Amino acid sequence: MWNGRSVFSTDLRTTVLAATAITCLLLWLLWPSRTRRRCRWYFAGKTVWVTGASSGIGEALARLLGTQLGAHVILSARRVPQLQQLVHEIRAAGGRADCVALDASLSYDDVRRVVSQVAAAGVQVAVLNAGVNHGGEAFANLHAQQIDNVLNVNLRGTMFTAHALLTEATTLQCIAVISSLAAYRGLPGGTVYGATKAALCSFVDGLRVEMRHASHTPVHLMCVCPGFVRTPAIEHRQHPKPFLMEAEAAAWHIADAVSRQTAHYGFPWVMEQLVMRIARGCPRALYETVLGRTWHLPG
Ligand SMILES: NC(=O)c1ccc[n+]([C@@H]2O[C@H](COP(=O)([O-])OP(=O)(O)OC[C@H]3O[C@@H](n4cnc5c(N)ncnc54)[C@H](OP(=O)(O)O)[C@@H]3O)[C@@H](O)[C@H]2O)c1
């Protein structure tokens with residue numbers, strides 16, 4: 001038997017579903033162009049320093065900034081030939097790029113000498129991305145030198161660079177520190193690495209407040225936490241890499257976060273919100289049981 005009410009509610013349901021689908025489609029279509037516009041607006045004409053630019057995320061970010069977003073990029077790392085090649089590529093595409101060698105594991109004076117050159121070039125945004133990890137090895141199997149290197153580059157090097165920037169670079173507006181989702185909760189095989197990245201998040205949180213209250217230097221401090229990104233650093237690792245993304249996509253996420261001047265940004269969304277945030281709040285016994293069953297150390 002015909003029922004007028006149910007036909008009306010079916011129509012209404014169809015209309016609501018169709019409207020939701022169209023809205024999602026429009027958002028999906030328009031969001032990237034909005035992100036691109038905002039990034040271009042923010043970075044065009046700015047001088048941006050990217051450390052760790054000789055490979056992986058730093059290389060992809062420097063390429064994006066120099067070839068598509070109109071920034072003058074200054075690239076740093078230890079492998080100068082790789083940097084020079086990227087400088088060439090960016091200039092050939094009509095962009096502005098320069099490079100200066102940096103070994104972030106050296107003394108404060110060495111780091112400061114490099115920072116002085118970057119400061120003289122009028123750096124406005126610094127992305128402190130240089131970092132190393134210890135290849136998924138169990139802590140007990142690491143050599144003291146490996147532990148020392150991870151601590152030196154990730155923590156000491158980043159802090160020295162940030163300190164030198166804040167004292168030397170008068171044009172500076174923003175420091176973005178690249179941490180990791182590994183900072184959210186301890187992971188087997190990532191003990192020293194995760195500890196350095198967690199320390200960086202804590203460092204940035206405290207420093208941001210300090211800088212907000214230092215009226216003479218309105219420098220914004222932010223922390224960016226990527227999930228798994230396909231780069232030479234993790235390419236050969238055997239452990240699971242859920243929601244692995246390409247370095248180019250990671251570069252867009254970082255550029256977008258900097259252009260929005262967020263305080264803390266983790267990506268990809270599913271990994272940050274659904275996996276790592278839940279892991280952070282998860283009872284210890286459950287967390288350790290799940291990890292114990294799913295995570296196998298090499299060897
Ligand atoms: N890939 C991921 O899944 C992932 C996830 C979360 C966070 N991250 C973080 O993202 C950043 C980039 O990592 P990536 O995956 O792109 O690794 P990558 O391809 O190995 O790049 C690391 C960069 O850091 C530089 N670097 C290493 N030691 C250095 C030193 N002593 N002084 C100066 N620069 C040094 C390297 O250049 P030289 O060797 O030429 O010096 C290289 O350019 C790191 O901080 C990493 O912890 C990566």
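Select strands β6 (residues 220–226) and β9 (residues 264–267): they pair in the parallel sense over 4 bridges. The model is predicted, and residues are numbered from 1 along each chain as its sequence is written. Within this pairing, cysteine 225 stands opposite glycine 266 in β9.

Now keep β6 and add β5. These two strands also pair in the parallel sense, over 5 bridges. Pick alanine 176 to see one such position: its bridge partner in β6 is methionine 222. How many of the 7 residues of β6 are buried? The number is 6, so the strand is largely enclosed by the rest of the structure.

**From β9 to the cis bond**

Select phenylalanine 267 and proline 268. A cis peptide bond joins them, with omega at about -5°. Proline 268 is placed in the loop between β9 and α8 (269–281). For background, most peptide bonds are trans, and most residues other than glycine have a negative phi.

**Two residues with positive phi**

Go next to glutamine 261, in the loop between α7 (247–260) and β9. Its phi is positive, about 55°, although glutamine 261 is not a glycine. Is glutamine 261 buried or exposed? It is exposed, because it has 12 other C-beta atoms within 10 Å and a residue with 12 or fewer counts as exposed.

Then select phenylalanine 243, which lies in the loop between β7 (229–230) and β8 (245–246). Phenylalanine 243 also has a positive phi of about 55° without being a glycine. With 15 other C-beta atoms within 10 Å, phenylalanine 243 is partly exposed.

**Helix α5**

Select residues 144–168, which form helix α5. What span should its 25 residues have at 1.5 Å a residue? The expected value is 36 Å, and the end C-alpha atoms are 33 Å apart, which agrees. Center the view on asparagine 152 to find a kink of about 40° in α5.

Now color the buried residues of α5: Val150, Val153, Asn154, Gly157, Thr158, Phe160, Thr161, Ala162, Ala164 and Leu165. An α-helix has 3.6 residues a turn, so residues three or four places apart point the same way. Which elements do the buried residues of α5 pack against? Show β1 (47–51), α4 (108–120), β4 (125–128), β5 (174–178) and α6 (191–213). Strand β5 is thus a neighbor of α5 and a pairing partner of β6.

**Around the ligand**

Select the ligand and the 29 residues around it. Gly52, Gly56, Arg78, Arg79 and Gly131 come nearest. Which helix gives the largest share of this shell? Helix α2 (residues 56–67) does, with 3 residues. Color the shell by class to see 15 nonpolar, 11 polar and 3 charged residues.

**The whole protein**

Zoom out to finish. The protein has 9 helices and 9 strands. Taken along the principal axes, its C-alpha atoms fill a box of roughly 85 × 50 × 40 Å. Of the 299 residues in the protein, 38% are buried. For contacts between residues at least 6 apart in sequence, 71% join residues at least 24 apart.

Technical notes: This is a predicted model: local features need pLDDT of at least 70, side-chain atom pairs count only at pLDDT 80 or more; totals for chains, interfaces and linings use all residues. A residue is near a molecule or strand if its C-beta atom, placed from the backbone, lies within 6 Å of it. Ala, Val, Leu, Ile, Met, Phe, Trp, Tyr, Cys and Pro count as nonpolar, Asp, Glu, Lys and Arg as charged, and the others, Gly among them, as polar. The expected span of a helix is 1.5 Å times one less than its number of residues. The bend at a residue is the angle between axes fitted to the seven residues ending there and the seven starting there. A residue is buried if 20 or more other C-beta atoms lie within 10 Å of its own, exposed if 12 or fewer, and partly exposed in between; C-beta atoms are placed from the backbone. Two residues are in contact if their C-beta atoms, placed from the backbone, lie within 7 Å. Two strands pair if DSSP finds at least two bridges between them.
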